[in-house]
Each structure stands twice: as C-alpha cells, then as structure tokens.
Amino acid sequence: MNTYVYDFAEGGRDMADLLGNKGANLAEMVRMGLPVPPGFTITTEACRTFLTTGVPPVELRHQLRDHLTTLEGAAGKRLGQADDPLLVSVRSGARVSMPGMMETVLDVGLNDYSVLGLGKTPERERFAWDSYRRLVQMYGNTVMGVDGSLFGEVLTRVEKQHRTPDESRLDVCDLIRITESFKDLVRERAGREFPQKPADQLWEAVLAVFASWNGERARLYRRREHIPDDLGTAVTVQTMVFGNFGPDSGSGVAFTRDPATGSPGVYGDYLPSAQGEDVVSGVRNTVPLRELATLDPASFAQLREHMAALEAHYRDLCDIEFTIERGKLWMLQTRVGKRTAQAAFSIASQLADEGVITPQQALERVDGAGLAQLMFPCFDTTRAGNVVARGIPASPGAAVGAAVFDSAEAVRRAEAGEKVVLVRSETTADDLPGMVAAQAVLTSRGGKTSHAAVVARGMGKVCVCGVEGIVVDARSRCFTAGHLTISEGTVISVDGSQGLVHVGAVPTVESDVMRYFDGGGRLPDGAAQEAVRPVHRILQQADAVRRLEVRANADTPHDAARARRFGAQGIGLCRTEHMFLGDRRPLVEAMILAESAGDRNAALDALLPLQRSDFIGILEEMDGLPVTIRLLDPPLHEFLPDRTELAVRMARQEALGTSPAPRDTSLLAAVTRMHEENPMLGLRGVRLGLIVPGLVAMQVRAIAEAVVTRRRAGGTPRAEIMVPLVDAVEELRLVKDEVDSVLTSVSTETGIAVECPVGTMIELPRAALTAGRIAEAARFFSFGTNDLTQTTWGFSRDDVEAAFFSAYLDKGVFAASPFETIDREGVGRLVHIAVAEGRATRPDLEIGVCGEHGGDPSSVRFFHEAGLDYVSCSPFRVPVARLEAGRAALQAADDESFGERGGRDVFAGHTG
C-alpha cells in the first residue's frame with residue numbers, strides 16, 4: 001500500500017519532491033528541535049493522482065483519519081469538539097515555492113457549537129468569533145467557490161458603520177453578526193449550508209487545495225516562472241496556534257537578511273493580535289520586526305536564535321513565518337527566501353566571504369536574469385521633481401507607467417502596448433495577472449513581507465508598499481496624496497529602491513552596474529562600489545570556470561567597442577546587410593537596376609571602399625579577436641522601396657496628368673520582378689552569391705583589403721567569412737572557390753598573405769542533417785537558431801507570435817517561446833546531429849551560435865551541453881552570457897571534474 005501521509009517527524013528537507021517545500025522544511029525544523037506545532041503532510045503523489053483521475057487515492061481518507069487520530073491523541077482533544085476544540089490549518093506546499101498562488105484554510109474544525117467552547121471565557125470570546133468568521137470566509141471562498149470580494153463587502157460595510165479602519169477594532173457582537181452574514185452569503189451563493197461536521201471540513205479543504213494547483217493564478221505563475229505543470233502540491237495539516245488571542249499574541253514574517261538589498265540583520269514585519277494571513281495579505285499595516293524586541297523581549301530573543309540556527313543550517317537567506325500565542329513562540333514555516341537580483345548577488349558574495357558556501361556555490365545562486373535586471377536604468381534623482389508619496393521600498397528598480405486600479409485594466413492596457421503601474425490598497429493572489437502585466441506595483445498597505453512585496457520580488461518587479469500617505473479609491477479609479485488626486489491613466493514613476501512615488505515620467509540614467517560594464521569592468525570608487533563589487537567578483541568566478549567563449553553580434557565599430565568593454569571575446573556575427581542602408585541605398589538600387597555587367601560592376605566598385613572602411617573600423621576595435629563576417633543575406637528587394645507605395649505614387653502622378661518619373665518606373669519593374677510570396681525561403685543568402693555576379697567578390701575583397709590595412713598598421717586582424725543559408729555542400733564549395741580566388745588576388749596585389757577561414761551558418765534543417773558533408777568545405781559552423789527555429793517548426797515568426805503564441809503557451813504546447821529559449825526536442829536535436837556529424841568529418845571544427853538564443857540563460861546551458869565552442873549575442877547580453885556559461889560549466893561537472901579543470905578561487909583574500 002502506498003503511503004500518502006507523513007507525520008512531520010517522519011520527513012526532512014531531502015523529501016521536498018514528495019512532501020513539498022513547506023512540508024519538508026517543517027519536518028526539518030522538527031528534526032532541529034525548533035518549536036513547531038504538530039501536524040502531518042499529504043504527499044504530492046496523492047495530489048497528482050487526484051489531478052489525473054479526478055478522485056483522490058482510495059487509501060488517502062483512511063490514512064488521513066489515522067494521522068488525525070494520532071494528532072488528537074497528542075493534543076488531548078478532538079477536532080471540533082464542543083469544549084476547547086482542536087483546530088487545524090490546511091495549507092498548500094509545492095516542491096517549488098509559489099507564494100499566495102494556491103489555497104489555505106485556517107481554523108478548520110470550528111462550527112456553531114465548538115465556537116462556543118473555544119470562547120467559553122469572556123477574554124476568549126472575541127478571539128473565538130474572529131476565528132470562526134475567518135474560517136467561514138476562507139472556506140466559503142476556497143472550498144465552496146463564493147466570490148471573495150462579497151465577503152469583503154460585508155466586512156467593509158460593518159467597519160464603515162463603526163468608523164473603524166479594520167476588523168481589529170470590532171467587538172464580539174459585530175463579529176457574531178459578520179459570521180452569520182457570511183453563512184447567509186454562503187447559503188445563497190453556494191446553494192448549501194456551511195458544513196458543520198469538522199471531518200467534512202477537513203476532507204473538502206484538502207481536496208480544494210489539490211484542485212487549486214490548476215487554478216488560473218497558479219497556472220499563470222507557473223508559466224511565468226517555468227515551473228512544470230505535473231509536479232502537483234502537497235498539503236500540510238497543522239495544529240492551529242493563535243496570534244489573535246490578544247495583545248500578548250501576534251504573527252510575523254522574518255528574513256535573516258534583507259531580501260531587497262541583501263544587507264545582514266533582522267528584517268521582517270510583525271502584527272500584534274493577528275493571524276499570519278493578516279501579515280502577508282497586507283490588509284493591516286505591520287510594524288517593523290525590531291519593535292518585537294520592545295513588545296515581547298523574550299520571544300524576540302528566541303526568534304533571533306532560531307533565525308541564526310536556520311540560516312546556518314540552510315546556508316542561505318531564510319524566510320520564516322511565526323506566531324506568538326500568549327507569549328509562546330511557534331515556528332510555522334521556513335524556506336529559502338525569494339530575493340531581488342541585488343540581494344541575490346550581495347548575499348551570495350557575503351556567504352562566500354563568511355566561508356558558509358564556496359565561490360562556486362555563490363555563482364550557482366545567481367542567474368543571468370538577475371544580472372540583466374541590475375543593468376536596467378534607474379531614476380535620475382537630480383531631475384526627479386517633487387515626491388508625492390513615500391512608502392516601504394519592497395523591490396528595487398525604476399518604473400514608469402499609467403496608474404491603473406485593477407488587474408483586468410492592467411492586462412488590457414499592457415496588451416495594447418501601454419506601460420502601467422498597478423495601484424491597490426493591497427494585492428491578493430487574484431491580482432497576479434495584473435502584477436505580471438504591470439511595470440510596478442504600488443500599495444497603500446502592507447510591508448516587505450506582504451503578498452505584493454513577496455510576489456513582486458520573485459518576479460523582479462518594482463514594488464513600493466505601505467504608502468500610508470495615499471488613499472486608494474478603486475471604485476473611483478484614483479488615489480489621493482494630500483490635496484493631489486491621481487486619476488487612472490495618469491503617468492507616475494515608482495522608485496522601488498527609495499520607496500518614492502512621483503507624478504510624471506522621471507528621466508532615467510544608467511545603473512551603477514551598467515556603468516561598470518561600460519567602463520570595461522573596472523570597479524568604481526565610492527558608494528557605487530558596494531552595488532558593483534558582488535557582480536564583479538561573481539562574474540570573475542564565472543569567467544574562471546566557463547568553457548564557452550562569449551562573442552557579440554555587432555555591425556559597427558561603435559557596437560564592437562562596447563561589446564569588447566562588456567567582455568566579448570570576438571564578434572560571432574557581423575551582418576553586412578546593415579552596411580547597405582542609409583545614404584548607401586542608392587548604390588544598392590543602382591546595382592539591382594543595372595542593365596549591363598558594366599553598370600553593375602560600377603555600382604559594386606562604388607560600394608567596395610565603403611564596405612572596406614566599415615570592416616577596418618570593426619577589425620580595429622576587435623584587434624586580436626575573431627570577427628565572423630556574414631556575407632549578404634536578405635533578399636535584394638528589401639533594399640528597394642515598398643511595392644505598394646511605388647504603385648500608389650505612380651498612379652497619383654498619372655491621375656494628375658503627369659508621367660511617372662523614369663526611375664520610379666524602373667524601380668517598380670524591378671520590385672515586381674523580384675517579388676516573392678515567401679521571401680524568407682526565396683532568393684537570399686548563399687543563393688544571392690551564386691546568382692548575382694560580382695556580389696561575393698566585392699564583399700570578400702573589402703574584407704581582404706581591410707585585413708591588409710590593419711596588418712600594415714601593426715594590428716592583428718582575425719577576419720572569418722561566413723556564408724549564410726547553405727542547404728548543400730555544393731553551394732558552399734562554389735562560394736568558397738570564389739572567396740579563395742579573391743583572397744589569392746589580394747594577397748598577390750599587396751604582398752601580404754591574407755587568410756580568412758570560410759564557414760557557414762547552419763540555419764536550415766537540411767544543413768543540420770547533412771552537416772557531415774558540409775564540414776568537408778567549412779572551417780566552422782555557426783547556428784542561426786532564429787531561422788532554424790522558423791524552418792523546423794514551419795513558423796514565420798513575424799506572423800505567428802502575435803497570432804497564436806499566447807494560446808499555445810496557455811494550452812501548454814510551449815513551456816516558453818521557442819524563439820526565446822531553444823526548443824531542445826526539435827531544434828536542439830538538429831543541433832546535436834550537426835555537432836556530432838560535423839566533428840566526425842572535421843574534428844577541429846569550431847562551432848558557435850549567433851541567434852538570439854546565444855544570450856538566453858537556459859539556452860546557454862544547452863549549448864554548453866551540446867559541446868559548442870562559443871555563443872554570440874547582442875553586446876548588452878554579453879555579461880549575462882558570461883555568467884550563464886560559468887553556471888553551465890558548474891552544472892555539467894561534479895566536484896572532481898571541476899578540480900581537474902583548475903577553476904581558480906577569485907574570492908580568496910577578500911573579506912568584504
């Protein structure tokens with residue numbers, strides 16, 4: 001018989017796949033001897049059975065009853081008994097933390113009779129009815145499907161009648177009235193009474209938590225965070241402890257380091273006389289955790305001890321939920337805490353300095369997405385203007401957008417291309433779509449541990465919480481700050497680093513990290529060094545261990561220079577078509593319209609010195625490093641005016657009685673002649689070189705003469721020539737023969753031997769499948785994964801991304817867009833084939849990738865595994881690729897192989 005339920009004492013953190021993150025960590029705290037309310041965990045396996053079949057495993061109900069009986073025996077009271085009942089919480093807990101995305105039900109076991117037993121003394125009466133109204137509200141919404149906002153309306157109505165800011169000021173009679181109204185609401189909306197049998201409450205709550213795995217917000221969160229849909233959630237059932245007993249009770253959330261900045265210390269929020277849901281929901285403003293030292297010194301001292309023990313045990317930032325019940329501290333949950341990108345780098349660096357983790361582990365704890373965030377612009381504080389509100393800086397960064405006041409409006413405007421800021425009194429899990437769509441989240445309530453703060457940090461969104469100086473009126477779609485009213489659609493700027501809100505768009509400047517890269521990786525002086533030093537040192541560690549080189553896609557000397565400053569080890573893709581635009585377009589038109597070989601050669605001769613000049617500048621900036629220059633790739637008609645615009649212009653001239661200009665007539669004839677129904681698969685790439693006489697020769701001569709010029713100047717140019725869109729080795733051989741002929745001619749003319757390796761892009765399925773033959777003529781391969789993805793999937797990217805990609809993501813066809821992250825099963829299989837067959841023919845074949853995937857963190861790991869030599873990406877993504885290449889090397893190797901590679905410890909000797 002399968003075991004579907006485990007007591008907390010039976011598990012440990014190594015069982016997270018089975019018990020979920022929450023259940024495994026509760027078991028681990030029990031092992032450590034920390035004060036944890038007793039309970040048990042229902043496994044993810046039980047959830048997966050329920051999700052697959054629609055019913056729970058047949059053994060589950062019996063096992064649940066047995067563990068409940070054991071729990072009752074240890075407590076000396078039964079679930080829901082009329083006199084001082086045992087009450088339990090029912091919480092979700094997946095393998096990967098999904099804060100607020102699934103369901104929780106507290107105070108399970110209360111009914112019309114047990115509430116009287118719980119509140120049998122006058123000092124407990126208010127507490128008992130407060131707990132019962134919470135159960136009816138949570139259960140009615142989570143299990144019985146009643147719209148949660150309806151409960152909120154009842155509560156708000158009573159609060160307004162008493163002119164009180166929240167329910168903490170309501171008396172017993174008010175709470176009884178609210179509870180009865182909630183039960184009436186459940187009966188009316190759900191069509192049945194609120195259940196009075198505690199066993200039924202528990203069973204239905206467990207099934208509701210299972211079902212919440214496939215709720216809309218949970219699916220949206222998993223899609224955004226790339227969490228597999230088949231993991232399922234565990235369910236923890238735990239004895240309730242009560243923070244809402246009175247002033248000597250309360251609940252809080254603690255972090256062992258600041259999750260926003262990474263600074264060491266005690267951080268978190270505390271709320272006296274409250275349950276944990278009040279803290280994380282943000283419905284009431286909390287006090288800083290340090291105030292607990294005054295309110296309850298003994299509990300604060302115990303909490304500090306437990307926090308230190310947990311951080312030492314987990315060797316990482318810990319996120320802790322706790323409750324104090326009448327002076328007794330209980331630990332309800334711990335997990336490795338979510339953090340901002342800045343905090344991730346700082347904490348990893350600090351822990352390496354402290355000897356808690358190795359430098360290699362520090363590298364594994366950061367990622368390219370976080371580094372990219374640190375490179376985003378920040379506000380120019382010297383030009384920020386007046387501050388209209390101040391709050392708690394919950395998630396750093398700078399964001400500008402139109403203020404919106406509900407999730408649906410945020411999504412609608414974002415889909416229309418508008419940047420928005422979601423403004424709420426507090427957020428709930430139902431606000432997730434709007435939080436995903438928004439540039440920033442702004443709330444008038446809550447602290448650094450509220451739902452808005454935790455979710456925003458996890459997504460890398462700017463967030464300012466607890467802005468007590470504003471009043472949010474969602475119905476009127478505005479908020480007020482003093483005498484100022486900000487209506488929906490007004491542009492505001494949110495500074496998540498300082499906790500400030502401005503009206504209007506505040507100008508931005510480069511971040512400290514971006515200035516560091518633009519300065520060639522030199523540490524700055526002053527305060528900026530604190531933000532940059534962890535990045536500098538961890539990136540050094542990545543460079544020390546990575547096998548993949550990182551090159552850049554660059555088409556101008558300016559881009560080449562910036563790429564080199566950012567750490568590029570060469571240019572993996574120089575697109576020559578970008579050199580034919582602007583004021584050079586008439587020369588290209590002349591080449592296309594040429595009616596004789598002489599006219600065409602004259603146009604090519606005019607283009608030659610311009611191309612040569614471009615190549616000289618790029619080779620100079622990349623002196624000593626490889627520069628892979630791709631011959632002309634796009635169809636020639638892309639260099640001509642739009643066909644429709646030409647036809648309309650000529651028709652207008654004829655309608656006015658004037659003859660069209662001869663040049664327009666020639667251009668229209670040429671555009672019509674060259675028109676293709678599917679130009680992506682038409683006359684482009686290598687086909688152009690074979691069909692248009694003189695084109696390859698002109699480009700190769702420009703490259704060769706640029707090499708000669710740089711050699712004469714004392715440089716070390718390393719130009720490589722790449723032939724695009726090759727399908728068959730015969731195409732490459734024909735072009736290579738022409739390339740070799742031109743290189744020989746230039747060498748003879750100048751007296752300087754010019755050698756440029758010739759290779760090809762692998763961007764068509766046939767090329768990948770015949771890579772062994774193509775390698776006979778190619779010195780190197782470079783995967784053009786953009787076109788390879790299009791031709792493998794049969795997609796035209798420009799057409800399909802807006803047409804149906806969102807539907808495919810919703811339906812699970814894609815876990816991520818194949819144009820953003822490499823499709824391992826299809827495109828990745830072709831890459832593996834081409835690498836294996838190419839190197840079987842030519843063992844020294846150099847292989848890289850120059851599509852957009854070269855800067856995608858997940859794709860970089862794949863290219864490392866596939867055995868490529870380098871990735872190439874835009875200059876701005878070079879640091880991200882460097883970091884991820886180092887992480888890929890660590891991920892692919894065990895400790896022994898890492899030692900054999902001789903990775904050096906760049907943290908040695910650093911103390912801060």
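Which side chains meet in a salt bridge with an N to O distance of 2.7 Å? I looked this up in a predicted model and found the pair R134 and D278. R134 belongs to helix α5 (residues 122-142) and D278 to helix α10, so this salt bridge ties together parts 144 residues apart in sequence. I then checked the burial of each partner. R134 has a relative accessible area of 7%, and because the cut-off for buried is under 20%, R134 counts as buried. D278 is likewise buried, at 5%.

**Entry: a second pair at α10**

I next examined R91, which forms a salt bridge with E277; the closest N and O atoms are 3.8 Å apart. R91 sits in strand β3 (residues 88-94) and E277 in helix α10 (residues 276-281), with their positions 186 residues apart, so I recorded the pair as a link between distant parts of the chain. R91 is buried at 12% relative accessible area, whereas E277, at 23%, is partly exposed.

**Entry: R257**

I located R257 in strand β6 (residues 250-257). Its relative accessible area is 4%, so I noted R257 as buried. The side chain of R257 meets that of E311 in a salt bridge, 3.0 Å from N to O. E311 lies in helix α12 (residues 297-314), so the pair joins parts 54 residues apart in sequence. E311 is buried, as is R257. I also found a polar contact of 3.0 Å between the side chains of R257 and E354. Leaving aside neighbours within four places in sequence, the contacts of R257 include G262, Y267, L317, I347 and Q350.

**Entry: salt bridges overall**

I searched the whole structure and obtained 61 salt bridges. Through shared partners, salt bridges join E577, R630, D633, R684 and D787 into one network.

**Entry: the surface around L690**

I turned to a nonpolar surface patch formed by L683, L690, I691 and L734, whose accessible area together is about 350 Å². L690 is placed in helix α26 (residues 686-691). With 37% relative accessibility, L690 is classed as partly exposed.

**Entry: helix α27**

How far apart are the end C-alpha atoms of helix α27? I found 26 Å, which agrees with the 26 Å expected for its 18 residues (695-712) at 1.5 Å a residue. I noted α27 as mostly covered, since 13 of its 18 residues are buried. G714 follows α27 and has a positive phi, near 90 degrees.

Terms used: Residues are numbered from 1 along each chain as its sequence is written. This is a predicted model: local features need pLDDT of at least 70, side-chain atom pairs count only at pLDDT 80 or more; totals for chains, interfaces and linings use all residues. Side-chain values use heavy atoms; hydrogens and water are left out. Patches are made of residues with over 30% relative accessible area and no salt bridge: like charges are joined within 9 Å, nonpolar side chains (Val, Leu, Ile, Met, Phe, Trp, Tyr) within 5 Å. Accessible areas come from the Shrake-Rupley method with a 1.4 Å probe; for residues, only the protein chains shown count as cover. A salt bridge is a side-chain nitrogen of Lys or Arg within 4 Å of a carboxyl oxygen of Asp or Glu. Helices (H or I, at least four residues) and strands (E, at least two) are DSSP runs, numbered from the N terminus. Buried means under 20% relative accessible area, exposed over 50%, partly exposed in between (1.4 Å probe, protein chains only). The expected span of a helix is 1.5 Å times one less than its number of residues. A polar contact is a pair of N or O atoms within 3.5 Å; within protein, one must be able to donate a hydrogen and the other to accept it, and residues adjacent in sequence count only if both atoms are side-chain atoms. Contact means heavy atoms within 4.5 Å.
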